[in-house]
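Thanks for asking me to look through this one. I have put my comments as numbered points, so you can follow them with the structure open beside you.

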Amino acid sequence: MRTHPSYLRVLLTFARNSLVRDMTFRGNFLIETLSSMSWVIMNLGFYVLVFQHTPRLGAVTDWGEYAFSWGKYEFFLFLSTTLVINSLVQTLFMENASEFSELIRTGKLDFALLKPIDTQFLISLQRVQWASLGNLAVGVGLAAYSLVRLGWVPTAAQVGLYLLFVACGVAIMYSLMIALAATSIWLGRNQSLYDFWFYITNFSRYPMEIYHGPLGTPLRLFFTFIIPVMVVVNVPARFLIRPLVPQTVSDLTLPAFAILATLVSLTASRYLFQRSLLSYRSASS
Amino acid sequence: MAVVEIESLTKSYRVYHKAEGLAASLAGLFHRRYRDVHAVRGINLTVEAGELVAFLGPNGAGKTTTLKLLSGVINPTSGTARVLGHVPWRRENAYRRRFALVMGQKNQLWWDLPAAESFRLHQQIYRIDRDQYERTRDELTSLLSVRQLLSQPVRELSLGERMKMELIAALLHSPEVLFLDEPTIGLDVVAQYNIQQFLKHYQQQRGITTLLTSHYMKDVAALCRRVVIIAQGQIIFDGSLDEIIGRFGGRKVVTLLFSNGHIPGDLRAYGEVLSAEPPRVKMLVARNAVTATLSRLLEHHPLEDVSVEDPPLEEVIADVFSKAEDIGRRSGAEAAGRLVGG
Amino acid sequence: MFARTSTWWTILRISVEERLVYRGDFALSTLMRFLPIVTQIFLWWAVFSAAQSVEPGNGATRIVGYAYHDFVAYYLLTMISRAFSSMPGLASGICRDIREGTVKKYLVQPIDMLSFLLLYRIAHKVIYYAVAAAPFALVFYLCRDFFPAGWPEPQILLAYAAALLMAFLLGFFLEATIGMIGFWFLEVSSLLFIYMLFSFFCSGHMFPIDMLPGVWGELVRLIPLQYLAYFPAAVFLGKVQGPELIAGLWIQFGWVVFFIAASRVAFALGVRRYSGFGG
């Protein structure tokens, strides 16, 4: 007899149970979806305004036969990638990470530790926040619209790579979130978790080229190599926007680094999570 | 076969000692002072397969800590324990599939969902095959008569009904060892009785090894032959309920009915008077002096009826607890040991 | 008399003790609030460097009348406006009081709810400014190059102070009025969220409202939200001057008076409804 459960089926049951719960509070669910969607649309409005006053963000990069710049619709493709990744993170992990400290405070973490299943898996995915999927729809819609306006049809390989690196982005964001939740347990406070998360991930929202100069370069290096939030959106977005012919060295090295960063983030956050469990298990009565 | 083997198990943890005053709280920013709390100090215990053992003890005695150690939820400071041959705090899936912990003060079912949905999740997590799952669920729900409540959101259930659902959730995977921490806390008398009866029936039928903590002596009296008293993190008694009374209930309750309806004034000489409502008097008499006292009484006073009873279990146990705490406060470990001896 | 002084002294000392413990945290989290501005600095640099071929820093190019440094200065100044006008938890607190029935204490005891909440809020803000002053000063010192004109003239500063003070009052009474909705609807959190969204967008917190084109700009100028963030910042930057400035201050004052009245009326009506239902 196998001793571990089928993780996929457990995940589906989590998703199903969350949906059943959401459907019992249908009005609330609808309002939540709509309000988070209107937040996204207002943000979009801001960028529409910005592009009324400029044709692009930053300078045009010229590589012989191919020139690239963040024009309106290139940037909107970038923005849609941000939306897709953020909404996936919110749908799957956000509520669970913020619930983690509550589980510790009320001692309900005990139940999670009893179950014959990986504790981190259980804690991270218990509740699925279906209402955040509305933003995914906005993101996909925006991407489709931008591609049409650009007159650009990505190849199957591009889409495949895009999806792969979106998954990497989600994994990096998740690692950061669960690491923050775990360390906040250590420090014994949690209020600032969401703020901290927001401030850090803020640096993933714009193309990394805009960070240059004496302040920008260190920032870019820090948020690429120390806390890798800048590869989260930049890498997948690039696969969708540009043809797959590598133009510069970084076109190859950055995706490779993104894979490495994903693996390192997942490992490091798992280590932090285990350590926080250990301190719970030795400190609580 | 021993199912639970505990050897000199110890658990202490540190609590942050908060200093008072401005200067001290400034100093506390840099240097924190801690105080060690010893929740469990060197417990030895063996439980055989199929036994039903009750842990009794005052609040903070270490009962819940012991159950949490055996469930692997927390790590011990030192000592060893084996349950079904597993070291609990290794938290191997193979072990976690074989036991269950029910905590009366915490609930694990999804609040907004019908219990049936949470049960299904358990089925997935514990990998119970469909037929067995359905059979166990139906059997348990009918035993506890909550079948018709399965599709109602848990938040709409009463406390007793919720506790029944928690029990079912814990028993779905047919555990071989069951830890029950205050399973009837806060329930009304009827619900308490139902759960007691269920546990008794289920335990007898399945023969599963059960460790239970409870504040309600009725739970203990109804369910357990073997009782372990824990105080100050140590086992001060391990034996049957009757033995407790034999050993710690040093006095008996003697009820006297005077035939002339008149209560004599010299009763204090015979023992401690509990109540005097003519013609009836209740008094406490030392166990070994009961016969002598009664014959003297009969000699000097006209008695219509006499009865001799053991004092209520609650009182005996409360007495044991307070003695243990007194002694424990005075000289800690060694004195509690003396209480076990004597 | 002596006893009362010593009570006050004790309260003060305890609050200071408590603050000392959390001060490091608090100063840090105040600093963190400026982090999003860092991304804004780079975003606008990218916008300006695309709009012109030379260095954006020289101020030659302007977008809706703002040079590059004006945009950054604007975002920094809205942080100050928001420090005055934002009222975290005010409306939701009033709604909770109504829902849970604690609002009764204002009906039974001789305290006026709005005055009590206002005093409480003032105390709260004063403590906040005392602790947040240092991080704010640090950020503005580091960013002084974005203010090439230096300090504005004294009259402008005076007008700025008046605009900030009224931003506080407007923020308070506007949100208190919204909180009174709790007398009519039980579940208000989503309504409050929508208000927050509008306020973020239309108050000028997200971008200077001068950027809104045509009818949208006129519409947003008609509603009072701009006085919560945009107006004080614009006054400081000299975007509104002379008669326009005087008019702006009067209109802001008018809105303050309007919402003082509105919150009073809403409270009176709400209480009548509340008692009508037997609480």
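1. A word on contacts before we start: two residues are in contact if their C-beta atoms, placed from the backbone, lie within 7 Å. With that in mind, look at C:Ala132, which touches C:Thr30 and C:Ala83 once residues up to four places away in sequence are left out. Please keep in mind throughout that this is a predicted model.

2. Let us stay with C:Ala132 for a moment. This alanine sits in helix H6 of chain C. Its partner C:Ala83 is 49 residues away along the chain, yet the C-alpha atoms of C:Ala132 and C:Ala83 are separated by 9.4 Å. Is C:Ala132 buried or exposed? The answer lies in between: C:Ala132 counts as partly exposed because it has 19 C-beta neighbours inside 10 Å, and a residue needs 20 or more to be called buried.

3. The helix around this alanine deserves a look of its own. H6 of chain C covers residues 113-142, 30 residues in total. From its first C-alpha to its last it reaches 42 Å, close to the 44 Å expected at 1.5 Å a residue. Where does H6(C) bend? The bend is at C:Ala132 and amounts to about 45°. A proline, C:Pro135, follows within four residues of that point.

4. Now for chain C as a whole. It has eleven helices and zero strands, so to speak an α-only run of elements from the N terminus on. Of its 279 residues, 33% are buried. If you take the contacts in chain C between residues at least 6 apart in sequence, 80% of them join residues at least 24 apart.

5. Chain C also meets chain A. Here 26 residues of chain A are in contact with 23 residues of chain C. On the chain A side, helix H2 (26-50), strand S1 (56-63) and helix H8 (193-201) each supply at least two residues. H2(A) gives the most, with eight residues. By class, this side of chain A divides into 14 nonpolar, nine polar and three charged residues.

6. Chain A has a contact with chain B too, and you may like to read it beside the previous point. It takes 25 residues from chain A and 28 residues from chain B. Helix H1 (7-24), helix H4 (109-114) and helix H11 (250-283) of chain A each supply at least two residues to the side that touches chain B. H1(A) gives the most to that side, with seven residues. The classes there are nine nonpolar, nine polar and seven charged residues.

7. In chain B, please look at the open sheet of four strands, ordered S11-S12-S10-S13 with antiparallel pairing. Which strands lie at its edges? They are S11 (272-277) and S13 (303-309) of chain B, each pairing on one side only. From one strand to the next, the twist averages 20°.

8. Within that sheet, strand S10 (residues 251-258) and strand S12 (residues 280-286) of chain B pair in the antiparallel sense over seven bridges. For a landmark, find B:Thr255, which stands opposite B:Lys282 in S12(B). Helix H10 (residues 290-300) of chain B packs on the sheet and touches S10, S12 and S13 of chain B. The direction of H10(B) makes about 170° with that of S13(B).

Conventions: Residues numbered from 1 in each chain as written. Chains lettered and ligands numbered in written order. Predicted model: local features only at pLDDT ≥ 70, side-chain atom pairs only at ≥ 80, totals over all residues. Nonpolar A, V, L, I, M, F, W, Y, C, P; charged D, E, K, R; others polar. Buried ≥ 20, exposed ≤ 12 C-beta atoms within 10 Å, placed from the backbone. Pairing = 2+ DSSP bridges. Axes fitted to C-alpha atoms, helices over the stretch in contact; angles between N-to-C directions. Expected span 1.5 Å × (residues − 1). Bend = angle between axes of the 7 residues up to and from the residue.
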